[in-house]
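Ever wonder where labels like "buried" come from? Let's take a few of them apart, one at a time.

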Amino acid sequence: MLYKYPQAEYPYARLVEENRRRGIGQPEFELIDTGVFDDNRYFDVLVEYAQAAPDDILMRVTVENRGPQVATIHLLPQLWFRNTWSWKNGVSKPQLRICGPRTIEARHAALGTYYLHADGEPQDLLFCDNESNPVRCGTTPHATATGRTPFTSGS
């Protein structure tokens with residue numbers, strides 16, 4: 001997968017506002033239309049996957065700065081389980097924990113234990129439950145969706 005990520009602030013509000021303003025017969029206002037890729041100030045983020053076995057997957061992320069100047073990007077690879085625990089009572093929620101300087105352990109009651117290993121020198125291992133925001137989604141709030149804070153290796 002190839003992502004083109006702008007070096008300017010991501011224009012979420014502008015995308016939402018402009019698409020809300022447009023009528024149903026007009027084309028969607030796309031990221032490219034905002035001008036954030038002008039002057040080639042963006043990163044190419046290439047994500048590749050290779051599978052050695054059903055439970056052994058390698059993810060390689062390669063980033064190339066397409067801009068004319070040095071720029072910083074923060075990468076947050078994702079590890080997830082399909083959310084089945086909030087649909088039924090009595091279903092265990094998977095647990096994530098740091099178990100080494102560059103390793104996150106992911107435990108699932110039915111699927112077992114998996115590990116996410118990071119190469120290089122990550123500054124922090126950052127992860128959270130990533131529950132949906134029920135207030136913004138217009139659904140009934142529940143206890144797990146309020147007061148969440150991300151966990152880092154220093155927590």
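Buried means under 20% relative accessible area, exposed means over 50%, and partly exposed is in between. Keep in mind that this is a predicted model.

Q: Why is Glu105 called buried?
A: Glu105 has 3% relative accessibility, and the cut-off for buried is under 20%, so Glu105 counts as buried.

Q: What makes Arg97 and Glu105 a salt bridge?
A: The closest N and O atoms of Arg97 and Glu105 are 2.8 Å apart. A salt bridge needs a side-chain nitrogen of Lys or Arg within 4 Å of a carboxyl oxygen of Asp or Glu, so the pair qualifies.

Q: Why is Arg97 called partly exposed?
A: Its relative accessible area is 41%. Partly exposed lies between the two cut-offs of 20% and 50%, so the label fits Arg97.

Q: How do you know that Arg21 is exposed?
A: Arg21 comes in at 58%, and exposed means over 50%, so Arg21 is exposed. Its salt-bridge partner is Glu18, at 2.4 Å from N to O. Glu18 has 16% relative accessibility and so counts as buried.

Q: What does the salt bridge between Asp44 and Arg66 tie together?
A: The closest N and O atoms of Asp44 and Arg66 are 2.6 Å apart. Asp44 lies in strand E2 and Arg66 in the loop between strands E3 and E4, so the pair ties together parts that are 22 residues apart in sequence.

Methods
Residues numbered from 1 in each chain as written. Predicted model: local features only at pLDDT ≥ 70, side-chain atom pairs only at ≥ 80, totals over all residues. Heavy atoms only, no water. Buried < 20%, exposed > 50% of the residue type's maximum accessible area, 1.4 Å probe, protein only. Helix = DSSP H or I, 4+ residues; strand = E, 2+ residues; numbered from the N terminus.
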